[in-house]
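Here is a short briefing to read alongside your sequence and structure. It goes through a helix, a strand pair and a pocket in turn.

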Amino acid sequence: MNTFLSSYSEKVKIQLRERKFIYSLLCSFGLIVLSTLILSMHNSGETYSYSVGDIAAEEIRASRDIVYSKESETEYKKNRISQSVPLVFDRDLAVLDGRLKLIDQLFRHVKSASDEADRASIFSKPYRVMLLGSRLPKYLQFNRDVLSELVSYGDTEKLKRIISQTLIQIYDNREVSILEEPYRNPLKLENKNISIRIIDNSGSEEISGIVEDLYTVPEIAKRVQPIVNSIAPGLEQSASEAVNRIVISTLKPNTVFNRDETERRIAEATKSVKNVVGVLKKGQIIAREGDTITLERLGKIGIINKSAESSNISYVLGVFVVQLIFLFLLRLFFVGYERVLVPDKKSSMIVFILLVGFMIFSYVIMQADSVRTSGLYLALFFPIPFIAMMIGVLYNIFLGLIMSLHMIFFTAMITNGDVASILIAVASAVAGVFVNQNVHRRTDFLKGGFFIGLINSIVALTQVLIQEQTLNFAVMNIELAMASGMICSILALGLFPLFEGVFDVTTRFKLLELADLNADIFKKMLLEAPGTYHHSLIVSNMAETACKDIKADHLLARVGAFYHDIGKIEDAGMYIENKVTDPRAKTLSPKYYSKLIISHVDKGIKLAHQHKLPQSVIDFIQEHHGQTTMSFFYHKALESASESDNDEEVDKAEFQYPGPKPSSRETAVVMLADAIEAASRSIQDPTQLKLEGLVTKIIYNKLNEGELENTPLSMTDLNVIKNSFLSILNGIYHTRIEYPETDDVQRLEERLKQRETVS
């Protein structure tokens, strides 16, 4: 994974050094922004401002399906669920233990006070009461009657047991829960069911009940005396009253309302409640022009306004992000094929203009009520085939297919995912790209338009069958499909020359025009530089054949080979293929002779601009020699310098072509064909073995010199190119019979006549 990422990042860095890739990224990002903007404008519905009693000034209808929440019904449903959730109370069993310990402490003080009084031999009851009262802590203070009964009752252990049993019977009753104050219903619930959680050291359990099972301390205090009477029916009145008072004074609440837990359980229960939703269907009329706005209509208008204001933000974000992801994946999966997807700097601008035009046109179409309500398949109104044909013919099918994906996405979004429109968009895009793949005549556009219409008609018919539509509906869609295909082809035919001329795009039509050997420049070459003309024809045949074999643009290579040496028209007599006739050839030094030869590249470029040749053809003139060294003149210069007495230096750079090196497969093939054809003329008695050795040597020399390093040619391609060149050269230099001289023929005829006369 790390290796892949490092390799990918390195390729990205290389791409970013070329301006055309930067332009491509900028155009792609701009396309995403504009696409998002147009789709958001389409998605955002109108908003309306009315009050109850107003008169509608226009027809109000839903622009799309709107799912809205019925808050009142949802709230009612949640409230009903919340009323069924029991109220939660917590009962603490430790309260009983605390009360029993308190009673135990009380009677320890009683016993301690009695023992102290006995040791002092004081039997006065008031003194004992005073002594006990002074020993008791503040939280165990009782009135004098209770204390008097405690110090005077003979069996204090019995009193302690009766009090403890009373407290146990009160607190250990599962049906009795004691609150500090009456339950006030703080959550304003009508629910009367409760759930009491009994908490102790070992855990907790829950028991069910109702609100009426809850008591306050005063209410429990009224029950104490009957409980005491039931436990100790024979107890004296005074002792019974003392026990009653002691128990009541020690009563403490053991239950509290757990508001947090109750709210949590209510929230948990209502969480599963699904919102009650309503749907405003696309096209549903809320109010007609002139209708009175009622409360119900006003509510639906508010739903439309809210949907238009809120949903568009998330929609815009989603559309923008998904297109960014698409762009990232496109760059990720097609790394290494950038020259196909970004042929040149102008291609990004052309694609940008075409797609923006498509999106604007589609948006305008979708705003027309007559189109939206026609019931016809919307994609048939979009110029998808036109865009696909233009990109496919101007550049290549791969770029056309990639851009078709964006058109299909845009169609899916603007038609709200209409399946029929998506399928027609796919068919239109694919057919538009492939139908004119090998177009050679402009009338082929019309044939392609008919084929596209036929394909779309079939797709439309299948959708009619699936949707079980009427025959009339099928006929209307088929008519629209045929019209769409033909109109798109006519548009492509009409606008194609405009893009070709304004943006200087080299299309196959342009190349076919440039391949006309009756052009003035070729007539001039034939007259002034016949050897160069003949050389260019052979190079074009070799390059065209090789490019066909390696699946390169053979027409471009053929035209490029025609023009690659047009710079030799000037000073034609200085070149060996034209049989050197210029007297300067005998006087120029190797250095200046080589400069004159090298200058044919610059002269050719200047001549190409004068004839307004496209840059793709000029590339052949610039690159067909790369940075090759003119070894013949360089060798002559070295010989001359070595034989001279002067310390003359020979700079190899002065004998090299300025370049650049070939940057495409086509220019590289022409370079090889040019070098091999020129070198083959020097072979004496050419044989197949000699030709093969020559071709192999030149190809590997160019490879070793680094002349092919900027091209995507592989070793397999070079092997195919070699075989292609050999097939042409073997055809040119095949063994011929030796034809007799005319004098020999006449001599034999005379001899034959003399023989006939003698006989």
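Helix α19 has a kink of about 35° at Leu-495, and the proline Pro-497 comes shortly after that point. Please keep in mind that this is a predicted model. The points below are grouped by topic for easy browsing.

**Helix α19**
- The helix covers residues 471–502, which makes 32 residues.
- At 1.5 Å a residue, α19 should span 46 Å, and its end C-alpha atoms are indeed 46 Å apart, so the expected and computed spans agree.
- After α19 comes Asp-504, which has a positive phi near 55°.

**Strands β2 and β9**
- Side chains in a regular strand alternate between the two faces of the sheet.
- In β2 (residues 66–69), Ile-66 and Tyr-68 form the covered face, while Val-67 and Ser-69 make up the uncovered one.
- β2 runs antiparallel to β9 (residues 277–280), and four bridges join the two strands.
- If you want a spot to look at in this pair, find Val-67, which stands opposite Val-279 of β9.

**The second largest pocket**
- This pocket has a volume of about 1300 Å³ and a lining of 34 residues.
- Nearest its centre lie Met-630, Phe-632, Ala-675, Ala-678 and Ala-679.
- Helices α24 (590–610), α26 (631–643), α27 (665–680) and α28 (688–704) each contribute at least two lining residues.
- With six residues, α27 gives the most to this lining.
- By residue class, the lining of the second largest pocket has 16 nonpolar, nine polar and nine charged residues.

Terms used. Residues numbered from 1 in each chain as written. Predicted model: local features only at pLDDT ≥ 70, side-chain atom pairs only at ≥ 80, totals over all residues. Heavy atoms only, no water. 1 Å grid on protein atoms, 1.4 Å probe; cavity = no way out; pocket = protein on both sides within 12 Å on 5 of 7 lines; lining within 4 Å. Points joined across faces, edges and corners; volume = space filled by probe spheres on them. Nonpolar A, V, L, I, M, F, W, Y, C, P; charged D, E, K, R; others polar. Expected span 1.5 Å × (residues − 1). Bend = angle between axes of the 7 residues up to and from the residue. Buried < 20%, exposed > 50% of the residue type's maximum accessible area, 1.4 Å probe, protein only. Pairing = 2+ DSSP bridges.
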